[in-house]
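Student: I have a structure to go through, and I want the terms justified. Can we start with the empty space inside?

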Amino acid sequence: MTTPYPIAPLGNRFADLPPAFYTRLQPTPLPAPYLVGFSDDAGASVGLPRPAGDDQDFLDIFAGNRIAQGSQPLSAVYSGHQFGVWAGQLGDGRAITLGDLPAADGSGRIELQLKGAGMTPYSRMGDGRAVLRSSIREFLCSEAMAALGIPTTRALTVIGSDQRVLRETPETAAVVTRMAPSFIRFGSFEHWYYNQRFDDLKLLGDTVLAQFYPELLGQDNPYQALLREVTRRTATLMAQWQAVGFMHGVMNTDNMSILGLTLDYGPFGFMEAFDARHICNHTDSQGRYSYQMQPRIGQWNCFALGQAMLPLIGTVEETEAALADYEAIFQAQHAALFHAKLGLRTQQAEDSQLLEALFAILQANHVDFTLFFRRLGDLQIGNPAHDEPLRDLILDRPAFNAWATQYRARLRAEDSDDDARRLAMHAVNPKYVLRNYLAQVAIEKAQQKDFSEVQRLQAILRRPFDEQAEFDRYADLPPDWASHLEVSCSS
């Protein structure tokens with residue numbers, strides 16, 4: 001007899017909204033499910049323990065084969081702009097929300113959503129399935145971003161199956177369980193605005209305010225305050241992405257969280273050989289979502305949300321006022337983060353020139369982004385000979401030497417201490433990020449039913465700032481074959 005997995009009865013706040021907001025449906029069963037990965041940290045955040053062995057009840061719940069007590073499975077409708085073009089109605093094409101559980105820290109409730117759980121009314125000719133490859137990538141990156149301190153949805157588990165699905169080539173299916181206080185998107189507001197359903201738009205706004213921003217309800221114009229706060233969170237998130245070299249790949253308005261979370265991991269990537277124009281999604285032929293464009297697209301998306309919220313806010317002027325601080329917030333956050341990455345305790349007027357000169361060197365020499373900033377923490381003010389591991393990353397040695405002279409002078413100006421600075425810089429410059437080739441190695445092993453590399457990577461990325469000397473090779477420059485890896489919207 002199967003022992004029930006200890007999951008508390010689920011609630012579902014989203015199901016309290018009218019039926020027009022979603023479709024109730026059952027997940028499509030996944031044959032012969034097996035466990036690929038589980039996040040103890042994500043599980044602990046909602047009181048879910050690691051399953052014991054081949055816990056069939058756990059597998060059935062999170063493969064969509066059994067409905068947990070209290071669950072009201074549903075898929076939400078939303079719309080959005082995709083690559084800057086209005087795409088009309090979209091929705092959860094392969095995601096089914098099971099319900100929500102109380103957060104272990106008492107901060108509210110957390111939704112559990114199965115991604116890859118089968119067709120929904122919003123699948124738009126798709127099969128509603130996710131593949132093992134994309135599920136492992138989302139699982140690992142969600143948890144890696146959380147460990148980096150960047151707001152994100154979380155990933156509880158990946159469940160695999162031998163069921164075949166067709167993408168560019170035949171692959172096996174999988175379901176990833178992702179978690180967030182809410183999966184409401186900018187596109188959720190756009191849906192009601194462009195359908196001129198302003199009562200439903202107001203209901204959505206009131207729900208978001210009451211559940212996630214109750215501190216704004218006392219404002220003279222709560223909807224304007226909501227847009228201002230979402231704009232602030234988005235600008236901050238964009239600065240955080242830039243600081244770790246993260247590229248989302250598909251910053252459509254339907255992939256933007258109303259809570260300022262990193263949402264929908266598809267063709268993402270972490271910057272390796274630095275190129276501000278780098279496009280991590282080979283589907284993005286125009287480079288709309290390149291690294292250098294992300295801050296501007298974040299702002300564009302906030303303006304799209306502002307347009308959708310205009311009937312709630314009241315006037316164009318009030319809406320523009322709520323959006324007005326995006327650039328200043330982004331610049332301030334970006335400056336603060338990069339000052340920390342450079343180990344600078346104070347901000348001086350000439351620092352922008354120092355940073356611009358550094359980025360010019362990184363760009364011209366295609367320097368590995370993560371390795372450079374990590375090794376920069378080992379620089380010693382009075383010992384340029386110690387720079388060799390750092391200098392080895394850069395072809396143009398004279399240019400680096402000239403910059404390093406300026407940098408040392410800047411450090412001396414604030415009486416910087418080598419040891420203290422090293423500790424501070426290593427606490428913000430990760431040694432380990434989810435490079436595409438590392439994910440690819442784990443995926444290829446998992447496709448052979450060897451999940452050891454998924455587990456190893458998960459453990460390493462859980463402590464991205466620690467030395468973990470036994471895993472030094474995971475922080476090395478990528479191998480030559482990695483330059484041929486491509487990720488697309490199906491990834």
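Student: How many cavities of 30 Å³ or more does a search of the whole structure find?

Tutor: The search finds 5. This is a predicted model: local features need pLDDT of at least 70, side-chain atom pairs count only at pLDDT 80 or more, and totals for chains, interfaces and linings use all residues. Residues are numbered from 1 along each chain as its sequence is written, and side-chain values use heavy atoms, without hydrogens and water.

Student: What makes a space a cavity?

Tutor: On a 1 Å grid over the protein atoms alone, a 1.4 Å probe fits at its points but cannot get out. The largest holds about 170 Å³, a volume filled by probe spheres set on the points, which are joined across faces, edges and corners.

Student: Which residues line the largest cavity and are closest to its centre?

Tutor: Of 18 lining residues, those are Phe14, Ala76, Phe183, Ile184 and Ser188. Lining means an atom within 4 Å of a point. α4 gives the most, 3 residues. α4 is a helix by DSSP (H or I, at least four residues; strands are E, at least two; both are numbered from the N terminus).

Student: Why is strand β6 called largely enclosed?

Tutor: Buried means under 20% relative accessible area (1.4 Å probe, protein chains only). In β6, residues 95-102, 7 of the 8 residues are buried, so the rest of the structure largely encloses the strand.

Student: How do you know that β6 pairs with β7?

Tutor: Pairing takes at least two DSSP bridges between two strands. β6 and β7 have 7 and run antiparallel, so they count as paired. Threonine 97 has glutamine 113 in β7 as its bridge partner.

Note on methods
On a 1 Å grid over the protein atoms alone, a cavity is a set of points where a 1.4 Å probe fits but cannot get out, and a pocket is an open set with protein on both sides within 12 Å along at least five of seven lines; lining residues have an atom within 4 Å of a point. Buried means under 20% relative accessible area, exposed over 50%, partly exposed in between (1.4 Å probe, protein chains only).
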